[in-house]
Amino acid sequence: MAELLVKGGFVIDPTRRIDGDVMDVAIKDGKIVEKVGPGAKVIDAKGKVVMAGGVDVHAHVAGPKVNVGRLFRPEDKLFKSPNAQKNYRMEMGFSIPSTFKTGYDYARMGYSFVMEAAMPPLHSPHVHEEIHDTPIIDEAALPVFANNWFVLEYLKNGEIENSAAYVAWLITATKGYGIKLVNPGGTAAWAWGLNCLTLQDPVPYFDITPAEIITGLIKTNEYLGLPHSMHIHQNNLGNPGNYEVTLESLKLAEGYKAKNKFGREQVMHSTHIQFHSYGGDGWANFESKAKEVMDYVNTQKNITVDLGCVTLDETTTMTADGPFEHHLNGLNHLKWANVDVELETAAGVVPYVYDKDIKVCGIQWAIGLELGLYAKDPMRTFITTDHPNAGPFTRYPRIIKWLMSKKAREATLDTFKHKDKVIDATNIHGIDTERTLYEIAQMTRAGPAKALGFSRMFGGLAPGMDADVAVFDLNYKSMPSDPEKIEQAFQRASWFIKSGEIVVKNGDIASHGNKRTIWVNAKVKENPQVMRDIHEKFLKDYTVGILNYPVHDYLAPHPLVIDVDVEA
Amino acid sequence: MPTITLKPYKTPELMLECYNITPDVFAGKKPEEIAELEIREGKTRVKLGDFFEASGSSGMTAAETDIHIAGDCTRVKYIGNKMTAGSITVDGNADMYVGGWMKGGKIHVKGNVHSFCGIAMEGGEILVDGNAENYVGCAYRGDWRGMRGGTIRIKGNAGNDIGTFMLGGTIIIENNAFIHVSTHAEGGTVIIKGDVQGRVGGQMVKGDIYVFGNIQYMLPGFKQVDKVEKEVDGEKATFLHYIGDLGERHPKSKGKEIYANLYVKA
C-alpha cells in the first residue's frame with residue numbers, strides 16, 4: 001500500500017495530549033507509522049486541523065427497524081435525494097439514509113466507525129447484510145439483551161455464570177459486539193400491554209425488576225470482560241420528571257469496577273442521556289434537569305454517557321422500546337410501526353418533527369447541549385443524536401458548532417417562538433462555556449474509542465494505530481468568528497484517510513474504501529446447562545431452527561474479530 | 001403578459017420529466033436559453049429544446065410570465081412543479097404531476113391530466129377541461145401533509161384517492177369520481193358534482209365533502225345528524241348532513257369534539 005504523509009497540520013490528539021502542535025502524520029500499510037520514505041504522497045494540511053477518524057458510539061444505521069423507517073417513510077427521500085453521481089452510487093433519504101448515503105455521509109464528516117446501537121438477535125443476519133452494504137466506515141452492532149427470556153430467567157435466579165455463558169454464545173452467534181439494554185423489562189412487559197416506568201416495576205411472568213436486570217447485566221459484562229461496558233437505554237425514556245429514575249439507574253453502577261484487557265474504565269454506558277434528563281410533572285412545567293444528572297455523572301468515573309442531542313429537524317424515531325413508540329404515536333398521531341421479536345425484544349418506529357416553535361422541542365434542544373457543556377470529563381461524554389431519534393447523524397457538525405460557540409447557541413435560541421419560556425425552563429442561556437477543539441476530539445474520537453475498548457486502534461494518531469486521519473479546514477491559531485464556518489468544516493472534511501486510503505478529497509467521496517465489520521468472539525468454559533437450555537428453547541419456543549439462527553461468515557466477509565476468552 | 005410558447009415537435013420515447021417548465025424558471029430567460037434547460041427523458045439528461053421549440057418572450061418575474069404549450073403533453077410530467085406565480089396553458093393533455101407542490105399562479109390544461117394533479121399543492125389554481133386520473137390533490141406517498149391551499153377544478157371525471165391527507169384548499173370534480181375521497185383529511189373541501197362509488201371520508205378527522213350525486217356505498221363510520229340548505233360552488237341545494245369518521249380520533253374545540261362533515265344532496 002502506498003505511503004502517505006499528512007504534512008504540517010495542527011494535530012489534535014488527546015490520546016497523546018497533543019493540542020494543536022504543527023506536526024506530520026505518516027501512514028504506511030494502513031497504519032500510522034513514525035516516518036515514511038521520500039516517495040510518500042504528501043497531503044498538505046498546512047493551516048488545517050488534523051484529527052483521528054471519528055468514532056460514533058451509538059446510532060441506528062442498519063437493520064430491520066431502520067429499514068422499516070425507510071420503507072414507511074418514502075417522504076423522507078422527497079427532494080432530498082440528489083441524482084446519481086458519476087462514479088458513486090445514488091444517495092437517498094435524510095433521517096433514514098440509504099446504506100450508501102450512510103457510509104458516504106459519515107466519511108465526509110471524517111468518521112471511521114459507527115456502532116449500530118440495537119441489533120435484534122433474531123434479525124442479526126439482516127443487520128449484517130446492511131452493515132456490509134454500507135461503504136467505507138467500520139461498523140459493529142450491539143445485540144439487545146434486557147428483555148431476552150434467557151437473560152431474564154438466569155438473572156431472576158442470580159445465575160451470573162449462566163447469564164454470561166448465554167450472552168457469550170449469543171454475541172458470538174450474531175457477530176455482535178457487546179451488551180445492549182433497552183428499557184430493561186419494559187419491552188418484555190409490552191407483550192402484556194404494560195411497561196416498566198420505574199426500577200421496581202416487576203416484569204410480568206418473569207417477576208424480575210429493571211434494577212435486577214441492570215445490575216445482573218453489569219455483573220455479566222464484567223464476568224466476561226468484554227471490550228465495551230453494558231450499554232443502557234434507561235427506563236421511562238422521554239417522560240417529564242424521568243431524571244429521578246435516571247439517577248437511580250446510574251447509581252446502580254456504584255461499587256462495580258471495570259474488569260477487562262481493553263483499557264476500558266466504565267461499567268455502564270448510559271446512552272442518549274438527553275432523553276432521560278427531564279424535570280416537571282407534565283408537558284406544561286417540563287424543564288431541564290441536565291445539571292442534576294450531569295453533576296452525578298461527573299462524580300462517577302465508572303460511567304460514560306452520550307448526549308442524544310435534539311437537532312430541531314424532521315426525523316424518524318426508532319427504538320426497541322416498543323411501549324415508548326406507542327406512547328409517542330398517541331402524542332403526534334403520525335404513522336406507527338410496531339413489531340415483536342420472539343423471545344428477545346420488540347421495536348417501534350414513528351416519524352417525529354422537532355419543531356423549533358414548540359416549547360418542549362426547544363427545551364429538549366437545550367438539555368442536550370447543557371449536558372455537553374456541564375460535563376467535566378469530555379473523555380466520558382460523547383456527541384450523538386441517537387441517530388435518527390433526536391436528529392440525523394449528519395447534524396454532528398451542527399452540535400459541535402453549538403458546543404463550541406455561545407454565539408451560535410444564542411442565534412438558534414433567537415429563532416424560537418417561545419424563547420423566553422425555553423430560557424425559563426433551562427439553563428442554556430446562562431452557560432458561557434465554549435468547548436475547545438481538543439475537547440471536541442475527546443468527545444468524538446478518543447473518548448468513545450476508549451469506552452468501546454478499541455483505543456489501541458481508533459481515536460488517536462499514535463504510531464501503530466489504524467491510519468484513520470481527518471483533515472478539517474479550520475485554522476487552530478485563528479478560529480473563524482463566524483460559527484457557521486465550524487459547522488461547514490466538520491460537515492465536509494478536506495481530506496479523510498481511512499485505513500490508509502484516501503476516501504474523501506475536498507469533501508467529496510474518492511473511494512469506497514475497505515469497510516470492516518468488527519465483532520467479538522467470546523469464549524467461556526463449556527456450560528452444558530446453558531447449551532441444553534438454548535437447544536430446548538429453539539425446539540420449544542422459537543419459530544426458527546438453531547442452525548438457521550447464527551450469522552454465517554459470508555454475511556460479514558471483511559471481519560475484524562476481537563477475541564475474548566474468559567479462561568485465558 | 002409576455003408569453004413563452006413551447007411547441008412540441010418530437011414525441012419522446014420515454015416520459016419526459018420537465019421540472020423546469022415553470023414561470024419561475026423561465027422568468028428573465030430568452031427562448032434560446034429556455035431551449036438549453038435540462039430535462040430528463042427517463043434517466044437521461046436531455047434539453048428542453050430537443051423536444052420543444054421555444055419562442056416569444058418571458059417577463060422579468062414569474063408573476064409576469066405566461067407559458068403556452070401549443071400542443072400535446074401526454075408524455076410530459078411535472079408541468080408547473082413548485083411554481084409560485086404566473087400562468088401555464090396546455091393546449092392538449094398532460095401527464096402526471098401537473099402543478100405538484102404548486103404555491104401560486106394558474107395552470108389551465110385543455111385536455112386530460114394523468115395522476116397526481118396538484119399533489120401537495122399549497123396555493124394557486126389548476127383548471128382541467130377534461131378528465132383526471134387518480135390522486136387529484138393528494139399527499140406525497142407516505143406523507144401526512146397533503147394539499148394545504150389553492151383550488152383544483154376538474155371539469156370531467158376523476159379516479160380514486162382524491163384529497164388524501166388534505167389540510168386545506170378546495171377540489172371540485174364537476175362530474176363523477178371513483179373511490180377514496182378525502183381519506184385521512186384534516187381540513188379542506190372536496191366538491192363532487194356527480195356520483196361517487198364509495199369510501200368517501202375514510203379515517204377523515206376534519207374537513208368537508210359535498211356530493212351532489214349519489215354515493216353508491218356509504219361508509220359505516222358516518223352518521224346523519226341534520227338536513228341543511230347550502231350554496232356550494234354557486235349551486236343552492238338541500239343536503240343530508242353526516243359527521244364522521246366516527247372510527248377515527250377527533251380533536252376537541254371548546255370541550256366539543258370536531259368531526260368531518262359529509263353533505264350528500266337530498
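1. A quick word on vocabulary before the tour: Ala, Val, Leu, Ile, Met, Phe, Trp, Tyr, Cys and Pro count as nonpolar, Asp, Glu, Lys and Arg as charged, and the others, Gly among them, as polar. With that in hand, the lining of the second largest pocket divides into 18 nonpolar, 10 polar and 4 charged residues. This is a predicted model, in which local features need pLDDT of at least 70 and side-chain atom pairs count only at pLDDT 80 or more, while totals for chains, interfaces and linings use all residues. Residues are numbered from 1 along each chain as its sequence is written, chains are lettered from A and ligands numbered from 1 in the order in which they are written, and side-chain values use heavy atoms, with hydrogens and water left out.

2. Let's stay with that pocket. On a 1 Å grid over the protein atoms alone, a pocket is an open set of points with protein on both sides within 12 Å along at least five of seven lines, a cavity is a set of points where a 1.4 Å probe fits but cannot get out, and lining residues have an atom within 4 Å of a point. Grid points are joined across faces, edges and corners, and a volume is the space filled by probe spheres set on the points. The second largest pocket comes out at about 640 Å³. Its lining has 32 residues, and Leu328(A), Leu331(A), Asn332(A), Tyr352(A) and Val353(A) lie nearest the centre.

3. Which elements give two or more residues to that lining? They are strand 9 (180–182), strand 15 (314–319), helix 10 (322–332), strand 17 (345–353) and helix 11 of chain A. Helix 10 of chain A supplies the largest share, with 6 residues. Helices (H or I, at least four residues) and strands (E, at least two) are DSSP runs, numbered from the N terminus.

4. Now for the enclosed spaces: there are 2 cavities of 30 Å³ or more. The largest has a volume of about 50 Å³. Among the residues lining the largest cavity are Lys65(A), Pro120(A), Val144(A) and Ala320(A). Strand 7 (111–119) and strand 17 of chain A each give two or more residues to this lining, and strand 17 gives the most, with 3 residues. By class, the lining of the largest cavity has 8 nonpolar, 1 polar and 1 charged.

5. The second largest cavity holds about 40 Å³ of space. Around the second largest cavity sit Met109(A), Tyr111(A), Tyr396(A), Pro397(A), Ile400(A), Arg445(A), Phe472(A) and Phe490(A). Helix 12 (residues 396–404) of chain A makes the largest contribution to this lining, 3 residues. The split is 7 nonpolar, no polar and 1 charged.

6. Helix 9 (residues 290–299) of chain A deserves a look. Its buried residues (under 20% relative accessible area; exposed is over 50%, partly exposed in between, with a 1.4 Å probe and protein chains only) are Ala290(A), Val293(A), Met294(A), Tyr296(A), Val297(A) and Asn298(A). What covers them includes helix 8 (243–251), strand 13 (287–288), strand 14 (303–306), helix 11 (359–374) and strand 18 (381–382) of chain A.

7. How do helix 8 and helix 9 of chain A cross? Their axes come within 10 Å and cross at roughly 10 degrees, so helix 8 is roughly parallel to helix 9. Axes are lines fitted to C-alpha atoms, for helices over the stretch in contact, and angles run from 0 to 180 degrees between N-to-C directions. Angles under 35 degrees count as roughly parallel, over 145 as roughly antiparallel, 65 to 115 as roughly perpendicular and the rest as oblique. Tyr243(A), Thr246(A), Leu247(A), Leu250(A) and Lys251(A) of helix 8 meet Glu292(A), Val293(A), Tyr296(A) and Val297(A) of helix 9, where contact means heavy atoms within 4.5 Å.

8. Finally, some backbone oddities. Most residues other than glycine have a negative phi, and most peptide bonds are trans. His387(A) and Pro388(A) are joined by a cis peptide bond, with omega about -5 degrees, and Pro388(A) is in the loop between strand 18 and helix 12 of chain A. Gly244(B) and Asp245(B) also share a cis peptide bond, with omega about -20 degrees. Ile136(A), not a glycine, has a positive phi of about 70 degrees and counts as buried at 0% relative accessibility. Phe116(B) has a positive phi of about 60 degrees and counts as buried at 10% relative accessibility.
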